Amino acid sequence: MDGDKRPDQLDSPVVAKLIKVGSRLNTRLYRATGGRLGGTWRVGAGLRKPAPVCLLTTIGRKSGEPRTAPLIYLADGDRFVVVASQGGLPKHPAWYLNLQANPDVVVEVKGTRHELTARTASAEEKAQLWPRLVDLYADFETYDAWTDREIPVVICEPRG
């Protein structure tokens, strides 16, 4: 298969459902084991080079309820950087839309909670962070090739 050609299966509603179910399961395992299970991503490029996973909790923009997503993250000093790739799907993930409405988030790493403020990286920041993110998880580059949308890079930093 051509790595730049987006798989037709991504348009299936089944894929979105599988992502949602997988995320819920990963979150439960992560919390139940303090990150021992679900704390690394071992799918796709993660098979060769496992990537660290955090739990990002946002407040639902419609429900007002906490919503948690397991995400690959890059530690950058006291900041956590995540990518709103959603596997190259054509729409932004719900967690990204939630943090646009309310930027106060919680990032959990191996049982430690960090209360942070999230923001979309500027074009300059994204240009600096992107090579590090692709080094962390090479499939981010593939997802970028699969979608017409600009994939946001999100910086979560201490509230202040």
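Below are a few worked exercises on this structure, which is a predicted model.

**Exercise 1: Follow the hairpins**

Work out how β2, β3 and β4 pair, and find which glycine in each hairpin takes a positive phi.

*Solution.*
Step 1. Start with β2, residues 51-59, and β3, residues 66-76: these strands run antiparallel and are joined by seven bridges. To check the register by eye, pick Leu56, whose bridge partner in β3 is Ala69.
Step 2. Now look at the turn. The hairpin of β2 and β3 has six residues between the strands, and Gly64 there has a positive phi near 75°.
Step 3. Carry on to β4, residues 79-83. β3 pairs with β4 over four bridges, again in the antiparallel sense. Here a handy register marker is Ala75, with Phe80 as its bridge partner in β4.
Step 4. The β3 and β4 hairpin has two residues between the strands, and Gly77 is the one with a positive phi, near 65°.

**Exercise 2: Two helices and their buried faces**

For α2 and α4, find which residues are buried, how they sit around the axis, and what covers them.

*Solution.*
Step 1. Take α2, residues 94-101. Its buried residues are Trp95, Tyr96, Asn98 and Leu99. Looking down the axis of α2, you'd see the buried residues fall within an arc of 160°, so they line one face of the helix.
Step 2. Ask what lies over the buried residues of α2: the cover includes β2, β3, β4, β5 (104-109), β6 (112-120) and β7 (153-158).
Step 3. Repeat for α4, where Asp139, Phe140, Tyr143 and Trp146 are buried. Those residues span an arc of only 120° around the axis, which puts them on the same side of α4.
Step 4. Among the elements covering the buried residues of α4 are β3, β4 and α3.

**Exercise 3: Place Val109**

Where does Val109 lie, is this residue buried or exposed, and which residues does it touch?

*Solution.*
Step 1. Find Val109 in strand β5.
Step 2. Check the accessibility. Val109 has a relative accessible area of 15%, and the cut-off for buried is under 20%, so Val109 is buried.
Step 3. List the contacts. Leaving out residues up to four places away in sequence, Val109 touches Tyr30, Cys54, Tyr73 and Phe80. Phe80 has turned up before, as the bridge partner of Ala75.
Step 4. Try a distance too: Val109 and Arg24 are 85 residues apart in sequence, and their C-alpha atoms are 16 Å apart in space.

**Exercise 4: Salt bridges across the chain**

How many salt bridges are there, and which parts of the chain do the pairs of Asp135, Asp104 and Lys126 link?

*Solution.*
Step 1. Get the total: the count comes to 10 salt bridges.
Step 2. Look at Asp135, which forms a salt bridge with Lys49, with the closest N and O atoms 3.4 Å apart. Asp135 sits in helix α3 (residues 123-136) and Lys49 in the loop between β1 and β2, so this pair ties together parts that are 86 residues apart in sequence. Asp135 is exposed at 52% relative accessible area, while Lys49 is partly exposed at 40%.
Step 3. Move on to Asp104 and Arg159, whose closest N and O atoms are 3.7 Å apart in a salt bridge. With Asp104 in strand β5 and Arg159 in the segment after β7, the pair ties together parts 55 residues apart in sequence. Asp104 is partly exposed at 36%, and Arg159 is partly exposed at 36% as well.
Step 4. Then take Lys126 and Glu150, which meet in a salt bridge at 2.6 Å, N to O. This pair links distant parts of the chain: Lys126 is in helix α3 and Glu150 in the loop between α4 (139-146) and β7, 24 residues apart. Lys126 is buried at 14% relative accessibility, whereas Glu150 is exposed at 57%.
Step 5. Finish with the network: salt bridges that share partners join Asp76, Arg79, Arg119, Glu125, Arg132 and Glu157.

**Exercise 5: A nonpolar patch**

Which residues make the nonpolar surface patch of about 270 Å², and where does Leu37 lie?

*Solution.*
Step 1. The patch is made by Leu25, Leu29 and Leu37.
Step 2. Leu37 lies in the loop between α1 (13-33) and β1 (40-41).
Step 3. Leu37 has 46% relative accessibility, so this residue counts as partly exposed.

Note on methods
Residues numbered from 1 in each chain as written. Predicted model: local features only at pLDDT ≥ 70, side-chain atom pairs only at ≥ 80, totals over all residues. Heavy atoms only, no water. Pairing = 2+ DSSP bridges. Patch = residues over 30% accessible without salt bridge, like charges linked within 9 Å, V, L, I, M, F, W, Y side chains within 5 Å. Areas by Shrake-Rupley, 256 points an atom, 1.4 Å probe, with all protein chains shown as cover. Salt bridge = Lys/Arg side-chain N within 4 Å of Asp/Glu carboxyl O. Buried < 20%, exposed > 50% of the residue type's maximum accessible area, 1.4 Å probe, protein only. Arc of directions from axis to C-beta. Contact = heavy atoms within 4.5 Å.
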